[in-house]
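Here's a quick briefing to read with the model open in your viewer. We'll go through charged pairs, then one helix, then the nonpolar interior.

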Amino acid sequence: MIKAVVFDLWETLITNSHQATRSHASLRLERMSRILSTTPEAIDEAYRYVWTRCQELYWSAHKDIPTRRQIEVFLEALDREVDEPTMQALEHAYANVAVDALPSLVNGADEVLQTLRGQYALGLISNTGRTPGSALRIILEKLNLIHYFDVMVFSNEHGECKPQISIFEAVRRALNLEFNEMVFVVDNLFVDIYVSQRCGMRAVHFIPPQRGTAVAPDVDHGLKIEADATIYDLRDLLKFTTETQRTQRTAL
């Protein structure tokens, strides 16, 4: 029997438009340059370097790191050393931009979570990038979503990213369920669907009508990947869970 529904976060429940992502970058640069008594233009190259270097060192191997390590890479690129209060201020400015300029809810997210909450345990798995779990918890609270979830696992806190099986195992353990008792609702074929199905979960592929910027590379590694269901409106997930329940009851 299905006992839990686990969600991806970005592009499944929340999304950033291209304009919002550009605004976030500008706001980070503005706040960080102010802390360093310089200009956004003077630190822009180092800011961009963080993403490239962390991709090379960590994310390409599906490892993740604390925000502080990203700031260390940033300062290395600037060839600057700072004291601890300045380091903390830079961390906060870098990590919390989306707290002040909130992402948008995907249409139907609140309705779906509210409906499922009384029927299943609910979990969340999210790779984090520049916005760590500490900030995402505040964002989910501000968007009035956090109370729906029994378990949330963020890659920067876990130390590994999807598609590493360990991050799926962390959710399974926290929910105290077997993989075949869980459904994963996601937007990416390989990172999400292929690996969750390998674990024994069912996977629902959500293809939103308009995608934001937080999208994993669309790479299938030559694999034939087929979700258990594909939906184009998040609210259609409710049809899938209802039909699954009906089928399971009939089988009993």
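The salt-bridge count comes to 19 in this predicted model. A few of those pairs are worth a look, and so are helix H1 (residues 18-35) and the 36-residue nonpolar core.

**Salt bridges**

- Start with Glu160 and Lys63, whose side chains meet in a salt bridge at 2.7 Å, N to O.
- Glu160 sits in the loop between helix H8 (155-158) and helix H9 (165-175), while Lys63 is in the loop between helix H2 (40-57) and helix H3 (67-78), so this pair ties together parts that are 97 residues apart in sequence.
- The two ends aren't equally covered: Glu160 is buried, at 18% relative accessible area, whereas Lys63 is partly exposed, at 35%.
- Lys224 pairs up with Glu226, with 3.5 Å between the closest N and O atoms, and both of these residues are exposed.
- Then there's Asp236 with Lys239, a salt bridge of 3.3 Å, N to O. Asp236 is partly exposed, with a relative accessible area of 27%, and Lys239 counts as exposed at 53%.
- Elsewhere, Asp8, Lys162 and Asp192 are joined into one network by salt bridges that share partners.

**Helix H1**

- H1 has 18 residues and spans 26 Å from first C-alpha to last, close to the 26 Å expected at 1.5 Å a residue.
- Which residues of H1 are buried? They are His24, Arg28, Leu29, Met32 and Ser33.
- Looking down the axis of H1, those buried residues fall within an arc of 150°, so they line one face of the helix.
- That pattern fits a general point: an α-helix has 3.6 residues a turn, so residues three or four places apart point the same way.
- On the face of H1 turned away from the buried side you'll find Gln19 and Arg34, both exposed.
- As for partners, the buried residues of H1 pack against H2, H3, helix H4 (84-95) and helix H5 (97-100).
- Just past the end of H1, Ser37 takes a positive phi of about 55°.

**Nonpolar cores**

- The largest nonpolar core has 36 residues, and the members touching the most others are Phe7, Leu9, Leu13, Leu116, Leu122, Leu234 and Leu237.
- Leu234 is a good one to click on: leaving aside residues up to four places away in sequence, its contacts include Thr12, Leu13, Val106, Val112, Val185 and Phe206.
- There's also a second, separate core of 23 residues, with Val6, Val171, Val195 and Ile225 among them.

Key. Residues numbered from 1 in each chain as written. Predicted model: local features only at pLDDT ≥ 70, side-chain atom pairs only at ≥ 80, totals over all residues. Heavy atoms only, no water. Core = buried A, V, L, I, M, F, W, Y, C linked by side-chain atoms within 4.5 Å. Buried < 20%, exposed > 50% of the residue type's maximum accessible area, 1.4 Å probe, protein only. Contact = heavy atoms within 4.5 Å. Salt bridge = Lys/Arg side-chain N within 4 Å of Asp/Glu carboxyl O. Helix = DSSP H or I, 4+ residues; strand = E, 2+ residues; numbered from the N terminus. Expected span 1.5 Å × (residues − 1). Arc of directions from axis to C-beta.
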